[in-house]
Each structure stands twice: as C-alpha cells, then as structure tokens.
Amino acid sequence: MEIFCRLLFGHLLADFTFQTNFIADWKRRRFTGLLFHVFLHPVFYLALTWPYLGETWRVYGPVALNGWVCVALITLVHFIEDWFRVLAISRGANDNTFFYFWDQFVHLVAMWFLAPVNGYPLVNDWPILGILFVVVTHCATVTIWFIEKDIYGKEFPETEEKYISILQRLVVWLSFFLPHPWWIFILLFVLISFFRHVWTRRVDFSWASVIMGNSIAVICGIFSRFVLNFHF
C-alpha cells in the first residue's frame, strides 16, 4: 500500500492542486495543453516513489514490471482517458458529475493494478495525510462544483470564493490535529462562525456547498486522527 498511496498522492497533486484553471482550459483547447497536464503526473510519481523504481512492482504471467515501466503505463492510461474525455466533451458529451467520477475511477484502477498493493505495507503516515490534504482543499472544490453545476447550473467559483472555502475547510481539518479537548472547541468555533457568515450572506456560498465541504473536512479530520493514533 505504501507505493499505491504515494502514487495516489502524486495523482491528486497533478490532477487537482497543480491543475490550475488555465491548464484545465488549455488541455481542452490544445493538444499541447493535454500533453503538459498528463506529463505533469509522472513528475510527481517519480519524485514520490524514487526509492522503489528499480524494484519489481507487478508480475503478470511471465512479464515482470518494475517501477519505471509501471509509472510509464499509468501515465499512458491517464493520457488515453483524458484524451477520450476531451474528445467526448468537444463532440457534445455532457461533462457532468458522472463523467468526472468515471474519469477518476479509471485513473485509480490503473494505479491499483500496476502498484504493488500487497508487497509494500504502509510504513509512513505522510502519503495518507498528503492525500487527505488535497481532498480537503482542491479536490473538494472541484467535486462540489460538479455536483452544484448539475443541480443548480452553478458556474465555477470565483477566486475569492474558491480560496475562502479552501481555507475554511483546511482550518476545520487541521483542528483535528490539536490535542484533546482543544480540537473540539476550535472545530465548533470555526463551524459556527462560518455558518453565521453564510446565514447573514457575508460569505455568499450555497448551503449545499457549506454542508458538503464541511462534511468532507470533518470526515478527513477524523480519519487523520485515526492515522496518527490520536485519541478522542
């Protein structure tokens, strides 16, 4: 699981944290943009799995695949899936929540079947915490937007709205790292304050966004305490 978690962390960094609005638009308009986005992924994969690249990750029949080959194959699958998605959207397919989750599912399956899931037990906390960080910040932003777009026809959030919501979720998540009982008071203060601002329209977020965003942050916070062996 160690290598799979490192690959997943790298995937989330390249697909969310470092996929800016400009890159997301560029990859849909130009083939060079698609290539730039796709080949950003192996940069993170190689950096995060460097100590293991020379070892055999998977064996399928008589074929043994080392880390270099597996990273190349994961990148190839990512390219094919993203190219298919871009072409489908350009030909009129609806880029909805289902298509978004399908795209992520394909990437996860490729990593699952090419990473040595059983051979490398999880020995470090930081890959999981890195995954949770991206999920709480940029991944949650995109996921919530797709859902709201399909339900309400919402446009992608402006920069101020986007980063205020990211910061709020991040504070909620980080509050779970505090020792007991301080994390409970910090969490309640942040949630009550944010809900009050939304209620008075000082921060113009939909209630769906507030509920989904804070639910994601709280779930990730609870899981983080479990990973770090904290006790409530």
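Student: Which side chains meet in a salt bridge with an N to O distance of 2.6 Å?

Tutor: A good one to begin with! Keep in mind that we are looking at a predicted model. A salt bridge pairs a side-chain nitrogen of Lys or Arg with a carboxyl oxygen of Asp or Glu, within 4 Å. Here the partners at 2.6 Å are aspartate 25 and arginine 29.

Student: Where do aspartate 25 and arginine 29 sit along their helix?

Tutor: Both belong to helix α2, which covers residues 21-29. They are 4 residues apart, so about one helical turn separates them.

Student: Are aspartate 25 and arginine 29 buried or exposed?

Tutor: The cut-offs help here: under 20% relative accessible area is buried, over 50% is exposed, and values in between are partly exposed. Aspartate 25, at 39%, is partly exposed, and arginine 29, at 44%, is partly exposed too.

Student: How many salt bridges are there by this rule?

Tutor: The count is 7. One of them joins lysine 149 to aspartate 150, with N and O 3.8 Å apart. Lysine 149 has a relative accessibility of 21%, so it counts as partly exposed. Aspartate 150 is also partly exposed, at 39%.

Student: Which residues are joined into one network by salt bridges that share partners?

Tutor: Arg28, Arg85, Asp95 and Asp103 are linked in this way. Let us look at one pair from that group. Arginine 85 and aspartate 95 form a salt bridge whose closest N and O atoms are 2.8 Å apart. This pair connects distant parts of the chain, 10 residues apart: arginine 85 lies in helix α4, while aspartate 95 lies in the loop between α4 and α5 (97-114).

Student: Are arginine 85 and aspartate 95 buried or exposed?

Tutor: Apply the cut-off again. Arginine 85 has a relative accessibility of 8%, so it is buried. Aspartate 95 is buried as well, at 9%.

Student: What does aspartate 82 touch?

Tutor: For contacts, we look for heavy atoms within 4.5 Å. Leaving aside residues up to four places away in sequence, aspartate 82 touches Lys27, Leu34, His37, Val38, Asp103 and His107. Aspartate 82 is part of helix α4, residues 67-90. With a relative accessible area of 3%, aspartate 82 is buried.

Student: Now for pockets. What is the volume of the largest pocket, and which residues are closest to its centre?

Tutor: When you read a pocket, look at its volume, then at its lining. The largest pocket has a volume of about 530 Å³. Its lining has 24 residues, and Gln19, Asn21, Ala24, Val142 and Phe156 are the closest to the centre. Two or more lining residues come from each of α1 (2-17), α2, α5, α6 (126-152) and α7 (159-175). Sorted by class, the lining of the largest pocket contains 8 nonpolar, 8 polar and 8 charged residues.

Student: How do the residues lining the second largest pocket divide by class, and which element gives the most?

Tutor: The lining of the second largest pocket has 10 nonpolar residues, 3 polar and no charged. Helix α5 gives the most, with 5 residues, and α1, α5 and α6 each supply at least two. This pocket has a volume of about 200 Å³. It is lined by 13 residues, and those nearest its centre are Leu8, Leu12, Gln104, Leu108 and Cys139.

How values were computed:
Residues numbered from 1 in each chain as written. Predicted model: local features only at pLDDT ≥ 70, side-chain atom pairs only at ≥ 80, totals over all residues. Heavy atoms only, no water. Buried < 20%, exposed > 50% of the residue type's maximum accessible area, 1.4 Å probe, protein only. 1 Å grid on protein atoms, 1.4 Å probe; cavity = no way out; pocket = protein on both sides within 12 Å on 5 of 7 lines; lining within 4 Å. Points joined across faces, edges and corners; volume = space filled by probe spheres on them. Nonpolar A, V, L, I, M, F, W, Y, C, P; charged D, E, K, R; others polar.
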